[in-house]
Amino acid sequence: MKLKKGDWAVLFLALSLIAATAVPVYRRSGREAHLVLEAPGLTEVYSLSVSREIRVPGPLGETVVVIDNGTVRVKDSPCRDKLCVFSGTLNNAGEWTACLPNKVFVKLVGKGEEEVDEVSY
Amino acid sequence: MKSATRNYDTLALLGACSLFLSTLEFLIPKPIPFMRLGLANLPILVSLCFLSPGQIISLTVIKIVGQGLVNGTLFSYVFLFSAAGSFASSLVMLVSYRFFKKSLSLVGIGILGSLASNGAQLFISRYLLFGESAWLLAPPFLTLGTVTALILGLFAEGFTASSRWVARQVALFKEGSS
């Protein structure tokens, strides 16, 4: 039995697809921790090395997120309960907080983080 | 009329075959429930050359329901993955068999089918289940799929080339369609 020309082309296509998906996925996980902000229609990534104040627009108004000395906290948010503010400072990769009414999601992603805690079914 | 009935017998036989292969596959432990070796795809791959597209789709439905029954996932979210993956793979295999028969053997068609199935499942898990981290699944999924599709394709190619049963089915199919 012989493989035809098209088979090699398909095999090559499959291998390049694997490589194309593997490279960005595994390169990203090697980087330092960084901040990921998600709001409706917006996903932003910030380095933790630069201290700054970020205003994230949401349906209720602006949620203010502060990066300070490699840590992240929500300074203010236009929601009723302020759970995101009270949840305090995020230090380690994998920690997160969110302002649900304002639909803002704040997460630290990066080294030392378990991507999947557990898979069960 | 007679050959049409025989064709349905063949369909039932192949359906039973893919049920059996689903059972075999169920024995193999998997980290993610919808990760599959694709053993149950073998009957579909083999029958591309002697079943009509409609019958291939019927066989796919039998396979999906059968797998759902065997794995006990008929009424869970896994079923959605199984259905999407199987339909995508069958459609791609049908189309590629129909148009690229000259340059593709069952190996290439099988790999295309597996890519389609994995693509559909990754797409669903990206939007329904895991969000962006679904891409972490992509490399192992695609690798496993390609390797098993390669092996199954080689087997199917050898089987269709040497099996007298397949030759008879092909002859019957040609008789029926002419």
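**Pocket, cavity and interface in a two-chain model**

The helix α4(B) provides the largest share of the lining of the second largest pocket, namely four residues. The structure described here is a predicted model, and this pocket is a convenient place to begin reading it.

The second largest pocket has a volume of about 310 Å³. Its lining consists of 13 residues, and those nearest the centre are Leu48(B), Leu51(B), Tyr97(B), Lys101(B) and Phe173(B). Two helices of chain B, α4 (77–100) and α7 (164–177), each contribute at least two residues to this lining. Sorted by class, the lining of the second largest pocket comprises nine nonpolar residues, one polar residue and three charged residues.

From this pocket, the account turns to enclosed space. Rolling a probe the size of a water molecule over the atoms shows where empty space is left. In this structure there are two cavities of 30 Å³ or more. The largest cavity has a volume of about 360 Å³. It is lined by 28 residues, with Leu37(B), Gly38(B), Asn41(B), Ser114(B) and Ser117(B) closest to its centre. Several helices of chain B take part in this lining: α2 (42–47), α3 (53–71), α4, α5 (106–129) and α6 (138–162) each supply at least two residues. The helix α4 of chain B therefore appears in the lining of the second largest pocket and also in that of the largest cavity, where a helix is a DSSP run of at least four residues. By class, the lining of the largest cavity holds 11 nonpolar, 15 polar and two charged residues.

The remaining topic is the meeting of the two chains. Here 19 residues of chain A are in contact with 25 residues of chain B. Between them, chain A and chain B bury about 1,900 Å², of which 76% lies on carbon and sulfur atoms. On the side of chain A that touches chain B, 13 residues are nonpolar, two are polar and four are charged. Although charged residues are present on that side of chain A, zero salt bridges are found across the interface of chain A and chain B. Polar contact across this interface is found for four residue pairs, with both residues at pLDDT 80 or more.

Technical notes
Residues are numbered from 1 along each chain as its sequence is written. Chains are lettered from A and ligands numbered from 1 in the order in which they are written. This is a predicted model: local features need pLDDT of at least 70, side-chain atom pairs count only at pLDDT 80 or more; totals for chains, interfaces and linings use all residues. Side-chain values use heavy atoms; hydrogens and water are left out. Contact means heavy atoms within 4.5 Å. Buried area is the accessible area (1.4 Å probe) that two parts lose on being put together, summed over both. A salt bridge is a side-chain nitrogen of Lys or Arg within 4 Å of a carboxyl oxygen of Asp or Glu. A polar contact is a pair of N or O atoms within 3.5 Å; within protein, one must be able to donate a hydrogen and the other to accept it, and residues adjacent in sequence count only if both atoms are side-chain atoms. Ala, Val, Leu, Ile, Met, Phe, Trp, Tyr, Cys and Pro count as nonpolar, Asp, Glu, Lys and Arg as charged, and the others, Gly among them, as polar. On a 1 Å grid over the protein atoms alone, a cavity is a set of points where a 1.4 Å probe fits but cannot get out, and a pocket is an open set with protein on both sides within 12 Å along at least five of seven lines; lining residues have an atom within 4 Å of a point. Grid points are joined across faces, edges and corners, and a volume is the space filled by probe spheres set on the points.
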